[in-house]
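The following exercises are to be worked with the sequence and the structure at hand. Each task is followed by a solution in steps.

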Amino acid sequence: MVEDIWNLEFRTEDEACQFYNAYSCWHGFVMRKDDVVRDNQGRIISRQLVCNKEGWRNMRYLDLDDRSREARSLTRTKCPTRLRVKLDYGCGRWKVTCFVESHNHDLTPPQFAHLVPANRRLTVTDKVQVENLHNFGVKTCHIMGYIVFQKGGYRHAGFTRKDLYNHIDRYHRSKVKNGDANAADGQSIINYHCFGDIVAFDSTYKKNKYNKPLVIFSGCNHHRQTVIFGSGLLSDETTETYK
């Protein structure tokens with residue numbers, strides 16, 4: 001309730017930001033950090049948090065004559081909603097000094113709040129679990145289904161299927177960045193251990209967009225289907241590179 005918020009106290013500025021972020025998610029809008037006040041030593045002693053639709057876009061960005069593309073649609077409505085907290089030197093806690101509850105725009109319905117980009121993220125625990133399951137060869141769609149079941153529904157997952165695919169793509173890139181010799185995915189490793197008694201080696205001749213030879217190590221599984229054990233792009237065709 002409004003009266004409860006006026007009586008809130010926080011141990012740190014970050015704690016106040018975390019509270020208002022959770023409040024905004026629950027009520028269907030997105031929080032944005034705004035003005036700060038600092039003391040003579042440069043430390044923040046007051047922080048204002050607002051709705052992301054607060055303010056107006058500066059008109060000078062709309063009246064440019066040499067614009068190369070159309071301006072983005074206007075999204076700010078000068079929304080008055082805000083929460084300001086200030087450090088009380090007497091007790092060392094952050095207290096609410098201003099709270100405005102009302103908005104001048106429509107809010108996101110609660111059933112769709114989890115789809116707002118600002119409310120979606122993989123936690124550290126999520127990332128560790130996803131990467132472990134992926135390394136064991138579990139498909140991305142099955143990982144998503146498992147986490148949704150684990151958390152009690154898509155609304156409580158904290159991220160979407162697209163977010164999951166993006167994270168796994170970044171995970172692949174981070175492994176390749178440190179050397180691609182160990183960057184084979186979990187399924188390839190499992191396939192090699194199960195069906196690697198016979199390995200076929202083939203190289204295409206610069207038939208890809210990188211204009212580099214692509215080499216493929218492949219085999220055959222128990223269904224007589226081709227499986228890939230590993231692949232790589234070569235910088236040249238010398239013996240040392242092939243080795």
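**Exercise 1.** Determine which residue follows helix α3 and state its phi.

*Solution.* Glycine 137 follows α3, and its phi is positive, near 90°. The model is a predicted one, in which local features need pLDDT of at least 70, side-chain atom pairs count only at pLDDT 80 or more, and totals for chains, interfaces and linings use all residues. Residues are numbered from 1 along each chain as its sequence is written, and side-chain values use heavy atoms, with hydrogens and water left out.

**Exercise 2.** Describe the span of α3 and the distribution of its buried and exposed residues.

*Solution.* Step 1: α3 comprises 12 residues, 124-135; helices here are DSSP runs of H or I with at least four residues, strands are runs of E with at least two, and both are numbered from the N terminus. From first to last C-alpha, α3 reaches 17 Å, close to the expected 16 Å, the expectation being 1.5 Å times one less than the number of residues.

Step 2: Asp126, Gln129, Val130 and His134 are the buried residues of α3 (buried: under 20% relative accessible area; exposed: over 50%; partly exposed: in between; 1.4 Å probe, protein chains only). They cover an arc of only 130° around the axis, and therefore lie on the same side of α3; the arc is taken over the directions from the helix axis to the C-beta atoms.

Step 3: Exposed Val124 and Thr125 are carried on the face of α3 turned away from its buried side.

**Exercise 3.** Characterise the packing of α3 against helix α4.

*Solution.* Step 1: The axes of α3 and α4 (residues 140-151) come within 10 Å and cross at roughly 140°. This angle makes α3 oblique to α4 (under 35 degrees is roughly parallel, over 145 roughly antiparallel, 65 to 115 roughly perpendicular, and the rest oblique).

Step 2: Asp126, Gln129, Val130, Leu133 and His134 of α3 meet Ile143, Tyr146, Ile147, Gln150 and Lys151 of α4, where contact means heavy atoms within 4.5 Å.

**Exercise 4.** Which phi values do lysine 78 and arginine 224 have, and where do these residues lie?

*Solution.* Step 1: Lysine 78, although not a glycine, has a positive phi of about 60°. Lysine 78 lies in the loop between β3 (44-51) and β4 (82-88), and counts as exposed because its relative accessibility is 51%.

Step 2: Arginine 224 has a positive phi near 60° and is found in the loop between β7 and β8 (226-233). At 76% relative accessibility, arginine 224 counts as exposed.

Key: Axes are lines fitted to C-alpha atoms, for helices over the stretch in contact, and angles run from 0 to 180 degrees between N-to-C directions.
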